[in-house]
Each structure stands twice: as structure tokens, then as C-alpha cells.
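Ready for some practice in reading a protein structure? Work through the exercises below with the model open beside you, and try each task before you look at its solution.

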Amino acid sequence: MSLAVLRKIIRPSSLKSLQYQASRYMQHKGKVAEQCSNPASRGLVLGVYADENDRLDIGVLTPTAAKYNESYTSGRLLEMLRLAGPMPKRGEVRVLYNLEPTYSAVAVCGLGSECLGYDDVEKMDISKEAIRIAAARGCQELQQLETSRIYVEDFGHAESAAEGAHMGLWVNQELRSPDQRKFVPQLQLYYEPELPCDSNGWRIGLAKAEAQNLARQLQETPSNLMTPTTFAQNVVQILCNSGVNVEVKVRGWAENEEMTSFLTVAKGSCEPPIFLELSYYGTNTKERPIVLIGQGNTFDSGGLCLKTLEALTDMRADMTGAACVVAASRAIAALKLPVNIRALIPLCENMLGCNAMKPGDVITVKNGKSIEIVKTSNEAPLALVDALLYAEHFGPKYIVDVSTISKATIESFGKVCAAVFTNSEDLWQRMQNASIHTGDRVWRLPLWNYYTQQICSAEHVDVQNIGKGEGANSCKAAAFLREFLPCGKWMHIDALNVMKTKGTDFPYIRRGMAGRPTRTLIEFIAQSVVQCTDSGSGGTKTESALSSQQMR
């Protein structure tokens, strides 16, 4: 019987299902030989809901997992899962083997209760975080089996699944010998044709995860391989053909722009300072841009106020702000968000040297204010001052700067959230909504005049980079930066405490540099484009502004 005749007597949906079954049959047939030589060549990651407080809960498979269980394993998946013991909790995985020919290893991951959602106390969508964890843990288990290709279901939210899976598999190993590197499988979205498939959400999640992984790679690169010049060269290569324009400006340009503060920080190093200017036009070029500023200290020794050895170990990542801004810019361009972006990245090293800045030095910046350098190891605000003043040229909608300034954030929050300071309630609400959606949380700290008085209390200068009073260094740094704000809305993110992780804070981020808060920054920019549904109470789930934009 011809295919034309079949089309007349079989409904389109039935034909689609028939073609899919035929495709699976060919996959089964073609993979038999491959399975004999490499039993773990293809893997599948599925999910199961269960009450974590009830060890006797028999569990409920996700719709995709239930369809796979019924159609391809004749119920064996659920049967074997129940025989393996209590249902896996959030973060736990059961790996089942040879249930059917296509996938020789199936990782079933715990998602917790089906009733999980937005938690107003935790300021997080717990269900999306459970999906990220499940996708990451399932992929990591199959990665240990050196599975060449892993198919991941969407768990009800494809964006979160893609984020968890791709971030969970990333390994910092570019400097290792090829034969000593950990195996990294290929990832693909698994779907059933009869069920809804959010391939667009998977694409958005992939873009966000790749951006955060890029930031992690830049952070991890040793400082001798990531000087201001090499950072600029890498950025040009990374953003080539991405739709983001890169301008590399050198010392002479900075001198002409009277960037006194930035050049003072760079004086102690033999590495020349670089000022990067990135531009992306996603809408009318006459539209005012959003200005992003990333602190780009490729190494911070503390200068004459030398840091301890323990502190110096991680100072290759003092350019976390720059890494996040570069990665976010690439993702925004890849997602074609209708927004204009101007990113400013001052790159330099803070080193000991015969020409290094000294405690007690006084400099005058372009707006006429004088700054006393009380402590050379607190150079981050000094490096950002001129970028803030330069931002005025673009008439920005608002300014967001990302930096790693004060270890006070570690003492206050640990690794759970970045600190945010802003003069705009609107910007704060959007940033908080973005962090709820991404699971990479932020917390707002005060910008009271009390801190301004502490850094402006000296009689002989306008501002000091430390100020009087004990503690609150993060708040005083934000107050310092506000003194050089041209005008309008502004947000400052201090990400020092979330710069790295021991691998236990988030199961989907391995030990090392974390790349945070890149995904939250991307989602925050998307919130500028789309007015998305706010997080509610009673388990209401937050929706991604990116998903809303793509549906329009």
C-alpha cells in the first residue's frame, strides 16, 4: 500500500505517530551493534514525583516518563524503579539498564512533590530549581558511564532542564592533556510526539547555560594567560559574528578621556590597561541603551596593601563582573532580544610596582571630585568610577554594574545570593523577579545617606575609598560609586561571595568558579523588554520574560 493511500485513510496525527514508531524501529536496529561494543552509548534522563516525607510513596512518573514506560518498556521502568527501593528524593538518581534497545541506561531523577512551586519565604521557584537539580544529577550519573549522547526530558519546564543539564556537565579542563580530560557527552531534548514539546524553552535555557559556562571559563583562566590584553583578544574572538560590536581602547584613549582613577589602579603593573566597549543594537538605534559595566581586574594583588596568600589564590577571578557582562551580551545577541546594550569593561591589574598607587594618594576625576586612596586593596570602586562617568555619553535608560568588591557579602550571605544596591524600586523588583525565575538569588542592601557620610566625612578631600566607621564595607562601596553616578536609575551588584563554589551549594555547578549571576542578569535584561507575570502566592510559578518574548 502506497504512502499516498495511507495518508487518505490515516489521520495526520496517526501518521505522525506511525512515522515516529518507524523511526524508533530504525534507531533500535541501527544501535544493536553499537550497544554490543559500547553498552552505555545512549542514555535517557526522566523524572518521578514522590512525597519526600513518605518512604512508602509509590511515586508518579512525569507525563513523558509515563509515556516512555508504557509504550517502550511495557511497564518495566516503573516496576524496576519500585523494586530498587524508596522513590528517589530531590537530587537522587536511580539508573536502570537495558530496559529496551534504544537507551541502554535510563536515569530516573527525583523531583519531589508535584505541588512544589513559588516559595515566598525562599524567594525562589522551588519546582524549577528541582528540575535543574534533577537534570544535572541525571546527566552527571550518565556522564560517569561515558555515555556518548544523553537525551533529557523537559520535566515540565524545558528552560530549567536545559540549564541544569548543560551547567551540570561543564568541566574546567581545557589546560589538561586531552587523554586526561573527563568525558563530556552530547545533550539533546527528549520528547514524545503526542505530548507538548517546548523546544524554544530548551533553546533559551541552553543560551543561558552556555553564557554562564563561558563566564566560568573566563574566571578560571590563570592570570598569566588572561591579562587585560589577552582578555580583550578573547572577547573579540568570542563575540566575532555574534552581532555584538567590540571596540578595544588603549591607554592613550583613556588619558584623553581623563580616566584618572582607572589609570591610577593600573599604574603598578607592566601590563597595559585596556578599556572594552561592547555594543549591541536589537532595536531602533535611536532608542536609549541599557549600560552594563563589568569590573575587569584580571588580577588583584592588593597593591602595597598586599592580600594574604589565601585571598590571592582566587584573585584571577576578580574580573567576574567583566566575565558576566561579556557572557550576558553574547546571550542577549543570540536570543535576539529587542533592546540596545552598551557594555563598558575597564581591564587592568592591581599590582605591586615602583609606580603603584600608595595609601594617602589623592586623585581628581573628570567630574571634579577628589578621591583619597586610603587602602590600595580596595581598588574595585576606583576601577569603576571612570566607567560610570563615561556612561553619561550614551544617555542610558539605566546603568547596571557588576563587581567583586567586599568580602562582607560572604560574612553576611555565604554563597546563597549576591548583594544588590539600587536607587530604583522598579529595577529592584525586576531583578528580584529575575532571580526567582533563575534560582540564582539576590538580596537588596541599603543605600542610606549614613554610608555616604562615612565616605565623605574627610575635611581635605571629597571622597575616600574606605571611609570611617567599622564594617559595612559593601554598603560604603556602593555609596562611593553613587557619588560618581551621572544621573538616572542605577543598580550595583556585588558578586564577590558568589564568585566561586565548593560544589555543594548547587548540584548543577561543580567545584570552582560559578559564573554567577550571569543567568539572572540575562533574565533581568529580558524583563526590560517584556512585562511578564509576577510571582504570586499559593504556589504560583514565575514565568520567564524570555519565553514570553519568544511567544510574541
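Keep in mind that this is a predicted model.

**Exercise 1. Check the length of helix α18 and find out how covered it is.**

Solution. Step one is the expected span: helix α18 covers residues 518–529, so it has 12 residues, and at 1.5 Å a residue they should span 16 Å. The rule multiplies 1.5 Å by one less than the number of residues. Step two is the comparison: the C-alpha atoms at the two ends of α18 are 18 Å apart, which agrees with the expected span.

Step three turns to the surroundings. Of the 12 residues in α18, 10 are buried, so the helix is mostly covered. Among the buried ones are L521, I522, F524 and I525.

**Exercise 2. Which residues touch the most other members of the largest nonpolar core?**

Solution. Start with the core itself, which has 57 residues. F231, L292, F524 and I525 touch the most other members. Helix α12 (residues 320–334) gives the largest share of this core, nine residues.

Now zoom in on L292. Leaving out residues up to four places away in sequence, L292 touches V325, I341, R342, A343, L344, V400, L521 and I525. Two of these names, L521 and I525, also appear among the buried residues of α18.

Finally, look elsewhere: another core, of 47 residues, lies apart from the largest one and includes W253, V291, V385 and Y451. As background, nonpolar side chains tend to be buried together in soluble globular proteins.

**Exercise 3. Classify two aromatic pairs, Y68 with Y72 and Y390 with F394.**

Solution. A pair of aromatic rings is described by the distance of the centres and the angle of the planes. The structure has 15 aromatic pairs by the rule used here. For Y68 and Y72, the centres are 5.8 Å apart and the planes meet at 50 degrees, which makes the pair tilted. Why does sequence spacing help here? Y68 and Y72 are four residues apart in helix α3 (residues 63–72), so about one helical turn separates them. Both Y68 and Y72 are buried.

For Y390 and F394, the centre-to-centre distance is 5.4 Å and the angle is 85 degrees, so the pair is edge-to-face, as the angle is over 60 degrees. Y390 and F394 are buried too.

One last step: ring pairs also link Y68 and Y72 with Y103, Y151 and Y190 into a cluster.

**Exercise 4. In what order do the strands β14, β15 and β19 lie in their sheet?**

Solution. The order is β14-β15-β19, and these three strands form an open sheet with mixed pairing. The edge strands, pairing on one side only, are β14 (362–364) and β19 (463–464). Next, follow β15 (residues 370–372): two bridges join it to β19, and the two strands run parallel. At the residue level, E372 has Q464 in β19 as its bridge partner.

**Exercise 5. Are C240, C324 and G85 buried, partly exposed or exposed?**

Solution. Use the cut-offs: buried is under 20% relative accessible area, and exposed is over 50%. C240 has 47% relative accessibility, so it counts as partly exposed. C324 has 1%, so it counts as buried. As a side check on cysteines, the structure holds zero disulfides.

G85, in the loop between α4 (76–83) and β3 (93–97), has a relative accessible area of 26% and is therefore partly exposed. To place G85 further, compare it with R55: the two are 30 residues apart in sequence and 9.0 Å apart in space, C-alpha to C-alpha.

How values were computed: Residues numbered from 1 in each chain as written. Predicted model: local features only at pLDDT ≥ 70, side-chain atom pairs only at ≥ 80, totals over all residues. Heavy atoms only, no water. Pairing = 2+ DSSP bridges. Buried < 20%, exposed > 50% of the residue type's maximum accessible area, 1.4 Å probe, protein only. Phe/Tyr/Trp six-rings, centres within 6.5 Å; stacked < 30°, edge-to-face > 60°. Disulfide = S-S within 2.5 Å. Core = buried A, V, L, I, M, F, W, Y, C linked by side-chain atoms within 4.5 Å. Contact = heavy atoms within 4.5 Å.
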